[in-house]
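Let's take a walk through this model together, going from single residues to rings, a helix and the empty spaces. Keep the structure open beside the text as you read.

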Amino acid sequence: MKNNDRHSYMPRLVVALITSVAAIAASAATPVRPQLVVGIMIDGLDTQYLDLLREQFGAGGFNRLLSQGVVIANADYGTNLDATAATAVLMTGASPSTTSITCSEVYNRDKMRAVQALFDPEVMGNYTTDTFSPRGLEVSTLADEVRIAGGGVTRVYAIAPDAPEAILMAGHSANCAFWLDRRNGNWATSTFYRDVPAMLSVRNRREHLSTRLDTMQWTPFKAVDHYPGLPEHLTHYPFRYVFPGGKAERYDMFVASPMFNTEVTNFAGALISDMHLGKADGVDMINIVYTLHPYDYTRNYDNRYELIDAYLRLDANLERLFAMVDASVGMDRSLFFVAATPPSGRSRRDDEQWNIPYGEFSTKKAKSLLNLYLMGKYGNGEWVSAYHNGQFYLNLKLINDTNLDAATVRTDAASFLTRMSGVDRVYTLEEVILGRGEERLEGMRRNIYAPTAGDLYVEIDPGWELVDDIDRPAPENRIHYVKRVVTATAPVFILAPNVDARTIDTPVDIRFVAPTVARLLRIRSPNAAALPALLF
């Protein structure tokens, strides 16, 4: 009897072993699906500073991304985009010509003024008088697809300094999007989102910025020997900034400082903890926006000390964010994608002591001269309607009423503008739409949206200072910036379970990122993402 039992036991043991090996092999072959996705957009991130400061960073922030993640060194945006348009491209996998989001503000020909791209008078603001919604975004986002794949059970949130980026990171289907109202210091949202957590009210009531800014100050994060590349004279004068209650720009100053990145990290950590993100079935998502722009509220033309400090502080915030996710969900069950916006190509003018040649290009003067030229050629009338964001808008109604060909008028106007001092080149709308002959035009074509496109695209000479005195006629509100030639690329990092570290040095279209993240999550791509996923 015992002998028979032994013989009958052996086949069962073999079957059990085979089954176990097969199960192990299957689990090894099937990647673990993340339970939490963390999307991060860093506005202004420059890889030169990552290289400069790598030895000063801790092990768990930027260095973790650089050593353990997929590094796309040059994600190509086509042409330089502002943070709003770049965020839309990242989250949709589609160009502005498809998403409709070309800039934070677009010129409205009917209203004859610039309007916020996501302005929506049909909603109300929560803790703000601003009214925004994602209705102006014409396609789905990665956040939408995460929410849809979870059948509405999973949660999606977004946090950003400004409403447009918060809403674009959240998409149409998110539970909620949060941004800081610059007038009252509240964390705000829109009534478009119907699932506002109670913690928002608690945070605004118990931890309002106004109660903390009076005693808050920004001084160097580390000893001066942790700030490589500083000229000698800067090392002797550590900076100090405060945010006093009497200043009208108090909240703007705070948001522009790296102290705000800490505020964003604190808010993100509270959301992950209070909303139990990553703990339920399905995939939850939290998306956040950080900023690394040079600090504009310094009297010193050389603000490298402050900028390096912002990088060191953000590195510490990333390390803290990763640690919070690891403790709550586990890094092995979380997916991070981190992207940067392309450099703006705009900077403050160098101090006059350096004798760098420059000139001023006044948009108001250029508009007046162009209008006089067209009047002399075609007769009296207001031929030029506006200038906005590098584009001149012609009076198409007047052109139609006088039975003129709009393309011919654009060509004549471009020829005149090209001869103006400080103008590098001018493209007509037809040249941009066709996008032929120049790589630059191909990038411009994908980054314009026909209903809001201008008639003439003007690029000023490098080193010249653009003075926008049309949209902002008051001297204190005018935009002044000096053009610098920069590339329209920025780094992207993906840190995910079962994805080996590697660096991709060749340029990669930024529109690959959304479908790639979707593939790692095993969900469908956003509906306008035409490019395939990258294979790792």
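## A guided look inside

Cysteine 176 has a relative accessibility of 0%, so this residue counts as buried. Bear in mind as we go that the model is predicted. Cysteine 103 also counts as buried, because its relative accessibility is 8% and the cut-off for burial is under 20%. As for disulfides, the count comes to 0.

Let's turn to the aromatic rings, where the count comes to 23 pairs. Take phenylalanine 243 and phenylalanine 254: their ring centres are 5.6 Å apart and their planes stand at 90 degrees, so this pair is edge-to-face. The two rings bring together distant parts of the chain, 11 residues apart. Phenylalanine 243 sits in the loop between strand S10 (241–242) and helix H10 (250–256), while phenylalanine 254 belongs to helix H10 itself. Both phenylalanine 243 and phenylalanine 254 are buried. A second pair to look at is tyrosine 295 with tyrosine 297, which is tilted, with 5.5 Å from centre to centre and 55 degrees between the planes. How does burial divide this pair? Tyrosine 295 has 2% relative accessibility and therefore counts as buried, whereas tyrosine 297, at 29%, counts as partly exposed.

Phe243 and Phe254 also take part in something wider: together with Tyr157, Phe178, Trp187, Phe260 and Phe267 they form one aromatic cluster. Phe260 and Phe267 lead us to helix H11, as they are among its buried residues.

Helix H11 covers residues 259–274, which makes 16 residues. From its first C-alpha to its last it reaches 23 Å, close to the 22 Å expected at 1.5 Å a residue. How many of the residues of H11 are buried? The number is 12 of 16, and the helix is mostly covered. Besides the two phenylalanines, the buried set includes Met259, Val264, Leu271 and Ile272, and Asn261, Glu263 and Thr265 are in it too.

Follow the chain just past H11 and you come to histidine 276, in the loop between H11 and strand S11 (284–291). Its phi is near 55 degrees, a positive value in a residue other than glycine. That is worth a pause, because most residues other than glycine have a negative phi. Histidine 276 has 48% relative accessibility, so it counts as partly exposed. Arginine 522 offers another example, with a positive phi of about 60 degrees although it is not a glycine. This arginine lies in the segment after helix H18 (513–521), and with a relative accessible area of 47% it is partly exposed.

Now for the empty space. Rolling a probe the size of a water molecule over the atoms shows where such space is left. There are 2 cavities of 30 Å³ or more. The largest cavity has a volume of about 60 Å³, and its lining has 8 nonpolar, 3 polar and 1 charged residues. Tyr295, which we met in the tilted pair, is one of the lining residues, and Trp218, Pro258, His293 and Glu306 are among the others. Which element gives the largest share of this lining? Helix H12 (residues 304–328) does, with 3 residues.

The second largest cavity holds about 50 Å³. Here the lining divides into 2 nonpolar, 3 polar and 4 charged residues. Trp187 and Glu263 are part of this lining, as are Arg203, Glu207 and Arg212. You have seen both names before: Trp187 is a member of the aromatic cluster, and Glu263 is one of the buried residues of H11.

Among the pockets, let's look at the second largest, with about 390 Å³ of space. It is lined by 20 residues, and Val106, Val115, Gln116, Ala117 and Thr452 lie nearest its centre. Strand S3 (105–108) and strand S4 (113–116) are the elements that give two or more residues to this lining, and S3 gives the most, with 3. By class, the lining has 9 nonpolar, 6 polar and 5 charged residues.

Our last stop is valine 123, in the loop between S4 and strand S5 (125–126). Valine 123 is buried, because its relative accessible area is 7%. Its C-alpha atom is separated by 5.9 Å from that of threonine 191, a residue 68 positions away along the chain.

Methods: Residues are numbered from 1 along each chain as its sequence is written. This is a predicted model: local features need pLDDT of at least 70, side-chain atom pairs count only at pLDDT 80 or more; totals for chains, interfaces and linings use all residues. Side-chain values use heavy atoms; hydrogens and water are left out. A disulfide is a pair of cysteine sulfur atoms within 2.5 Å. Buried means under 20% relative accessible area, exposed over 50%, partly exposed in between (1.4 Å probe, protein chains only). On a 1 Å grid over the protein atoms alone, a cavity is a set of points where a 1.4 Å probe fits but cannot get out, and a pocket is an open set with protein on both sides within 12 Å along at least five of seven lines; lining residues have an atom within 4 Å of a point. Grid points are joined across faces, edges and corners, and a volume is the space filled by probe spheres set on the points. Helices (H or I, at least four residues) and strands (E, at least two) are DSSP runs, numbered from the N terminus. Ala, Val, Leu, Ile, Met, Phe, Trp, Tyr, Cys and Pro count as nonpolar, Asp, Glu, Lys and Arg as charged, and the others, Gly among them, as polar. Rings of Phe, Tyr and Trp (its six-membered ring) pair if their centres lie within 6.5 Å; planes under 30 degrees apart count as stacked, over 60 as edge-to-face and the rest as tilted. The expected span of a helix is 1.5 Å times one less than its number of residues.
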